[in-house]
Amino acid sequence: MRPVTVLLAVMCVCVCDGVKFGQLCDGNPSNTRRTSDTWGQGHYGARRETRQHKGLDIVCQDGSVVYAPFDVTLHGKVIVYNKPEKAAIDSGINLRGENLCFKLFYVQPDRTSGTVRKGERLGVMLPMQSVYPGITSHIHVQMCNRETDPTQCFN
């Protein structure tokens, strides 16, 4: 009996395969990421006291217009914290598009259902500085499956 060699191929099926987010925030056409500030870091997996950051932070100035990164369907409002001391930024939106399911935090959506085309206005960035003075104001992008790193959608 001859030995048999088995070759296994491992394929990566990336959630963002071929999909790249368009501009999210007015004034940040290249979706610059929040790096490090006095409140921490904005990359996926960054330490947050007793937990890990499960999203990617994209720089966005308070009050800026937030855009659809591609054609999306709106699937309701997100309550981010549900804490009175963070009420000023306690809003976001659930979205689906390009076979992705994701959330944008710290956005006051213009509406919470229907469709929005790429580059059209979704809403406005909330006043993050009023809750986290000195932080780099940002939109938090989180996939519906929190274990999925959205960074690959921005490369």
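**Strand pairing in an all-strand chain**

In this predicted model, Pro109 has Gly123 of strand E12 as its bridge partner. That pair is a handy way into the sheet around it. Strand E12 covers residues 121–125, and E10 pairs with E12 in the antiparallel sense, with three bridges between the two.

Zooming out a little, E10 and E12 belong to an open sheet of three strands, set in the order E6-E12-E10 with antiparallel pairing. Strand E6 (65–67) and strand E10 (107–109) sit at the edges, and each has a single partner strand, so one side of each is left without a neighbour in the sheet. Going from one strand to the next, the twist averages 40°.

What does the secondary structure of the whole chain come to? The count is zero helices and 13 strands. Reading along the sequence therefore just gives β over and over: β-β-β-β-β-β-β-β-β-β-β-β-β.

As for overall dimensions, the C-alpha trace spans about 75 × 35 × 30 Å along its principal axes. The chain has 155 residues, and 45% of them are buried. Its contacts reach across the sequence too: taking those with a separation of 6 or more, 65% are between residues 24 or more positions apart.

On the outside, the accessible surface of the chain comes to about 8,900 Å², and carbon and sulfur atoms account for 51% of that. Charges come in both signs, with 18 positive and 14 negative side chains. The centres of these two sets lie 5 Å apart.

Notes. Residues are numbered from 1 along each chain as its sequence is written. This is a predicted model: local features need pLDDT of at least 70, side-chain atom pairs count only at pLDDT 80 or more; totals for chains, interfaces and linings use all residues. Side-chain values use heavy atoms; hydrogens and water are left out. Two strands pair if DSSP finds at least two bridges between them. Helices (H or I, at least four residues) and strands (E, at least two) are DSSP runs, numbered from the N terminus. Axes are lines fitted to C-alpha atoms, for helices over the stretch in contact, and angles run from 0 to 180 degrees between N-to-C directions. Buried means under 20% relative accessible area, exposed over 50%, partly exposed in between (1.4 Å probe, protein chains only). Contact means heavy atoms within 4.5 Å. Accessible areas come from the Shrake-Rupley method with a 1.4 Å probe; for residues, only the protein chains shown count as cover. Lys and Arg count as positive and Asp and Glu as negative; His and the chain ends are not counted. The place of a charge is taken as NZ of Lys, CZ of Arg, CG of Asp or CD of Glu.
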